[in-house]
Amino acid sequence: MSKVKKIIKTITVDIEKCNGCRACEAVCSAFHAEPKYSTINPERSRIRMMRHPLKDIFIPVYAGEYTPAECMGRDKYIIDGREYDECGFCRAACPSRTLFHEPDSGLPLKCDMCEDDPPQEKPLCVQWCINDALIYEEREEEVEEEVQIDDVEVGIKSLADKHGIDKVVETLTRMSQKS
Ligand code: SF4
Ligand code: SF4
């Protein structure tokens, strides 16, 4: 496999600086609304705030990869004496919870680093986090050329898991006949 240069974008989360204000959720959902900035709905955000104000726990978690299967167990973390929820740090859009699924369609949500044309100077959640809990960096790396899984493929797979492949094929066939 050949090597290619790639810009690696990272957002570092400083949990100690997060106060749970949820500005990141609001701006992410507005940025991804249709039309852009027309609505605010945290259920559509690619970053979600895990909040336990009485325990001083505020964890911003980014939507990661879609997975069709639940994992076999659950992870619990205790850090500095604070016990975090099972799955509290997990980024997956998985069938065991509604988190990181688009509320109407059930399609998985994934952080896209606010890809835009023209590009944003920084991702919106980073720009709106006035507490500097989200720190954005870019670096160039040589990586193996990889075959990207197409977003459409991920979406169809998710619908097939939810409604069954026969129903999805039947719907697509009906739609193609109408167009
Ligand atoms: S980087 Fe952009 S897409 Fe990702 S969570 Fe932040 S606002 Fe949402
Ligand atoms: S905007 Fe920053 S401080 Fe507010 S909830 Fe998000 S990460 Fe935490």
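Where in the chain is D80 found? The answer is in point 5, after a quick tour of the rest.

1. A word before you start: this is a predicted model. The protein chain splits into domain 1, covering 3-145, and domain 2, covering 147-179. Their C-alpha centres sit 26 Å apart. Where the two meet, 6 residues of domain 1 are in contact with 6 residues of domain 2. On the domain 1 side, that touching set is made up of 5 nonpolar residues and 1 polar one, with no charged residues.

2. Next, have a look at ligand 1. The residues surrounding it are C28, F31, R46, I47, Y62, C111, D112, M113, C114, P123, L124 and C125. Two elements, α1 (23-31) and α2 (124-128), give two or more residues each to this shell. Sorted by class, the shell has 10 nonpolar and 2 charged residues, and no polar ones.

3. Ligand 2 has 15 residues around it, and C18, C21, A23, C24 and C129 are the ones that come nearest. Helix α1 turns up again here: α1 and β3 (57-62) each supply at least two residues of the shell. By class, you get 11 nonpolar, 3 polar and 1 charged residues around ligand 2.

4. Since α1 contributes to both shells, let's stay with that helix for a moment. Which residues of α1 are buried? They are C24, E25, V27, C28, S29 and F31. A handy thing to remember when you look down a helix: an α-helix has 3.6 residues a turn, so residues three or four places apart point the same way. The cover over the buried residues of α1 includes β2 (47-52), β3, α2 and β6 (134-144). Two of those buried residues, C28 and F31, also belong to the surroundings of ligand 1, while C24, buried as well, is among the residues nearest ligand 2.

5. Back to the opening question: D80 is found in the loop between β4 (77-79) and β5 (82-84). Its phi is positive, about 50 degrees, although D80 is not a glycine. Is D80 buried or exposed? D80 is exposed, because there are 6 other C-beta atoms within 10 Å, and 12 or fewer counts as exposed.

6. C114 makes a nice contrast. Phi of C114 is also positive, near 55 degrees, and again the residue is something other than glycine. C114 lies in the loop between β5 and α2. C114 counts as buried, however, because it has 21 C-beta neighbours inside 10 Å and the cut-off is 20 or more. You have met C114 before, as one of the residues around ligand 1.

7. Do check the prolines at two cis peptide bonds. One such bond joins E34 and P35, with omega about -10 degrees, and P35 lies in the loop between α1 and β2. Another joins D117 and P118, with omega about 0 degrees. P118 is found in the loop between β5 and α2.

8. Last stop, S158, which is found in helix α3 (residues 151-163). Why does S158 count as buried? Because it has 22 C-beta neighbours inside 10 Å, and 20 or more is what it takes. Leaving out residues up to four places away in sequence, S158 touches Y66, G106, L107 and P108. Take L107: S158 and L107 are 51 residues apart in sequence, yet 6.2 Å apart in space, C-alpha to C-alpha.

How values were computed
Residues numbered from 1 in each chain as written. Chains lettered and ligands numbered in written order. Predicted model: local features only at pLDDT ≥ 70, side-chain atom pairs only at ≥ 80, totals over all residues. Near = placed C-beta within 6 Å. Helix = DSSP H or I, 4+ residues; strand = E, 2+ residues; numbered from the N terminus. Nonpolar A, V, L, I, M, F, W, Y, C, P; charged D, E, K, R; others polar. Domains from an automatic or database assignment. Contact = placed C-beta atoms within 7 Å.
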